[in-house]
Amino acid sequence: MEIIQIQNLTKRFPMGKGEFTALKGINLSFGKGEFAGLIGPSGSGKTTLLNIIGSLDVPSDGEALVLGNSIGKLSAKQAAKLRKENLGFIFQSYNLLQVHTVFENVEFPLLLLNYSTSERKKMVADALEWVGLTDKTKSKPPQLSGGECQRVAIARAMVKRPSLVLADEPTANLDAANSHNILQTMEKLNRELQTTFIFATHDEKVISYLHRKIFLLDGRVDKDEVVKSN
Amino acid sequence: MLKFLIKGLIRDKSRSRLPIIVVSVGVMLTVFMHAYITGFMGDTIEMNAKFTNGHLKVMTRAYADEMDQIPNDLALVNVSELTETLSQQFPNVQWASRIKFGGLIDAPDVNGETKSQGPAMGMGVDLLSDGSDEINRLNLRNSVVRGRLIVNRGEALLSEDFSQKLKVNPGDTVTLIGSTMNGSMSMYNFTVAGTISFGTEVLDRGSIIVDIEDARIALDMPDAAGEMIGFFNEGFYNDEKAVKIANQFNESNALTTDEFTPVMKSLSQQGSMGQYVELSKIWSVLISSVFIFAMSLVLWNAGLLGGLRRYGEVGIRLAMGEEKGHVYRTMIYESIFIGIAGTVLGTTVGLAFAWYVQVHGINISGMMEGASMMLPTHIRTRITVPDFYLGFIPGVLSTVIGTMLAGIGIFKRQTARLFKELEA
């Protein structure tokens, strides 16, 4: 079952008096439970494509259908609703709310979804258990290591059990041991919860875990290979 | 959600404590400066009021026409009755009779021959009656240089400069040579009780202060006074109120043609004081406005920067699916809270400082030596009603506008762009 369909997607950015084309006629589709990665050097368009899939940006031409929503046609409110209910994000620099505890950071997406207090407590506890941070609920991000911060970010992305998690260079700030730990956690969640993961990366460690590798070069799909079936 | 936002606000000191301090300091300065300007402008007016003009002054019509010449032959008579009438008619005003006079002060030597002489400007004020506030009003207690205040009839206070010029000391006798109300020559002996200095050239040049009853005897002015001056009970000049009272009093005597009919003038209706009152109003508004505007810019900028530095947090919240409008509204609510908290704190501290300076004043007499203008020797603030709400303009309005402007970026920027700033 395909949850993302991208057809003839082009994205242009204004640059000076002209335009810069970041994505050129991309055609891709992703099914439920995929563990896929957009791979390419800087400027290849992987983050731009991830942003469009995540409804953070809109296509200039073509169409991106995410969970049945045409990204280019969504209003700001509809895009926010899509992100709130179905998407999780993991960033290179974790982007945790520094003054809030681990529990509160993970709880935040649930607050937006108006879950009750008891539901939130249960769901946050589950999410922290997935990433092995049940003993750090009251800690704040500055008290955590980089690996722990990224695990909090994964818990935050996963707590509402989204259909799709988008991870932009999630291991860029981590050492090898932490990177493997994080990737194993995400692979386990992908396997157990059937959540689709799409990475934007050029990190060999991440690439080694991917089930599907989509190579981007100069805004085009250069190669799309499935290395492991889900 | 509200609890989450409040927790964030309280814990993030750069979002709460720092902006509240910045707003408080700005508001405190605004409130204090406004009170200071009002006080400084008002002090000069009050000084003139206390020594010369009063907040209100009652004279005969004829005296008022030639007020500069101090024509005591045109003075008010039956002053006791008039005082009673005025006190009943205007219970919020304290009335005091005064007699100004000019003359020659003669200081004799041990043989009774003239040792020295000098022209003097004199003032007969009520110093010995129970309940008279003239000693405090003229700040005589603090102005004594040598000797003491007048405690007995027949005593006088000479300005320190004048006493040195005449080579007289407390305890010596001096003679006032002047003219009575009826134009006859008058001579009256006073014992110098003490010497005084007001710190202003214009008052210290050659002045003599005596009790009004002695002045009445010396100048043959029984139950008469050149002028009656009135002071508002609250202690500050209020032009609108003074003009209203003066007009009300004058209307009741409008049909009388007698030149000895009492006429009332507000401070602003006397000589050039009107121009000064107008000028002080304009300056007060102008300086306060400039300061409020400057403070508004500072706090607006603080609000703007406070909003801009939160673009990262905004990016995270948008990524989690929070709507732009909701993010924007919560930022505005936060800035309203910060603005109100800072303004209340700043206004309280500003008023406390202003109150202290209003009560105790800042002594600047050292800077006033040799001044020929009648300027106050103490800087005093004056707390007025606007001081209680003025701080809300820079404190709340500017902070909120700054945040609103910063927040516009949330709508104008693509969400992905906010993300770039977040990643930076």
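**Sheet, cores and chain contact in a predicted model**

User: What is the strand order of the open sheet in chain A?
Analyst: In this predicted model, chain A has an open sheet of 4 strands with antiparallel pairing. Reading across, the order is 2-1-4-5.

User: Which strands of chain A stand at the edges of that sheet, each with a single partner strand?
Analyst: Each edge strand has a single partner, so one side of it is left without a neighbour in the sheet. The two in question are strand 2 (18-31) and strand 5 (69-70) of chain A.

User: How many bridges join strand 1 to strand 4 in chain A?
Analyst: Strand 1 (residues 2-15) and strand 4 (residues 61-66) of chain A run antiparallel. Across this pair, I4(A) sits opposite V66(A). The number of bridges joining the two strands is 5.

User: Which helix gives the most to the largest nonpolar core?
Analyst: That core has 87 residues, and V31(B), F32(B), A156(B) and M228(B) are the ones with the most contacts inside it. The top contributor gives 17 residues, and that's helix 2 (residues 17-53) of chain B.

User: From which domains of chain B does this core draw at least three residues each?
Analyst: The largest core has 87 residues. At least three come from each of domain 1 (2-46 + 276-423) and domain 2 (98-223) of chain B.

User: Which helix gives the most to the side of chain B that touches chain A?
Analyst: The contact takes 20 residues from chain B and 23 residues from chain A. On the chain B side, helix 1 (2-11), helix 12 (311-319) and helix 16 (415-423) each give two or more residues. With 5 residues, the one that gives the most is helix 16 of chain B.

Terms used
Residues are numbered from 1 along each chain as its sequence is written. Chains are lettered from A and ligands numbered from 1 in the order in which they are written. This is a predicted model: local features need pLDDT of at least 70, side-chain atom pairs count only at pLDDT 80 or more; totals for chains, interfaces and linings use all residues. Two strands pair if DSSP finds at least two bridges between them. A nonpolar core is a set of buried Ala, Val, Leu, Ile, Met, Phe, Trp, Tyr and Cys residues joined through C-beta atoms within 7 Å. A residue is buried if 20 or more other C-beta atoms lie within 10 Å of its own, exposed if 12 or fewer, and partly exposed in between; C-beta atoms are placed from the backbone. Domain bounds come from an automatic or database domain assignment. Two residues are in contact if their C-beta atoms, placed from the backbone, lie within 7 Å.
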